[in-house]
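Me: Please show me the sequence and the structure, so that we can go through them together with a few questions.

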Amino acid sequence: MSKKIKTPGVKELFAAILSLETEEECFTFFEDVCTTNEILSFAQRFQVAKYLHEGLTYQEIAERSGASTATISRVKRSIDDGNGGYEMIFKRLSN
């Protein structure tokens with residue numbers, strides 16, 4: 001994990017996120033903290049990762065998600081060279 005993001009401010013932010021209990025609380029908090037475009041970008045990247053995990057081609061992912069091939073490539077690189085965060089979440093969501 002990158003030491004660049006392990007700041008006191010980020011730790012406080014993550015503690016705040018972990019305190020959210022419902023989907024509605026997530027909507028309320030994230031709409032205050034992020035712009036609409038930031039939230040939609042996070043959601044799009046997550047959908048791209050999910051589609052990559054399911055084995056879809058870049059073309060299929062682009063058609064379904066509206067993401068550019070550059071975005072798909074960046075997400076793929078995160079999956080391949082990242083910290084395993086996507087895989088951790090996919091395992092938890094599959095249970």
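**The largest pocket and helix α3**

Me: How many residues of the lining of the largest pocket are nonpolar, polar and charged?

Reply: This is a predicted model, in which local features need pLDDT of at least 70 and side-chain atom pairs pLDDT 80 or more, whereas totals for chains, interfaces and linings use all residues. Residues are numbered from 1 along each chain as its sequence is written, and side-chain values use heavy atoms, without hydrogens and water. A pocket is an open set of points on a 1 Å grid over the protein atoms alone where a 1.4 Å probe fits, with protein on both sides within 12 Å along at least five of seven lines, and lining residues have an atom within 4 Å of a point. With Asp, Glu, Lys and Arg counted as charged, Ala, Val, Leu, Ile, Met, Phe, Trp, Tyr, Cys and Pro as nonpolar, and the others, Gly among them, as polar, the lining divides into 23 nonpolar, 7 polar and 4 charged.

Me: Which helix gives the largest share of the lining of the largest pocket?

Reply: Helices (DSSP runs of H or I, at least four residues) are numbered from the N terminus, and α1 (8–19), α2 (23–33), α3, α5 and α6 each supply at least two residues of this lining. The largest share, 7 residues, comes from α3.

Me: Which residues of α3 are exposed, on the other side from its buried ones?

Reply: Val48, Ala49, Tyr51 and Leu52 are the buried residues of α3, buried being under 20% relative accessible area and exposed over 50% (1.4 Å probe, protein chains only). Because these buried residues cover an arc of only 165° around the axis, they lie on the same side of α3, the arc being that of the directions from the helix axis to the C-beta atoms. The exposed residues on the other side of α3 are Thr36 and Leu40.
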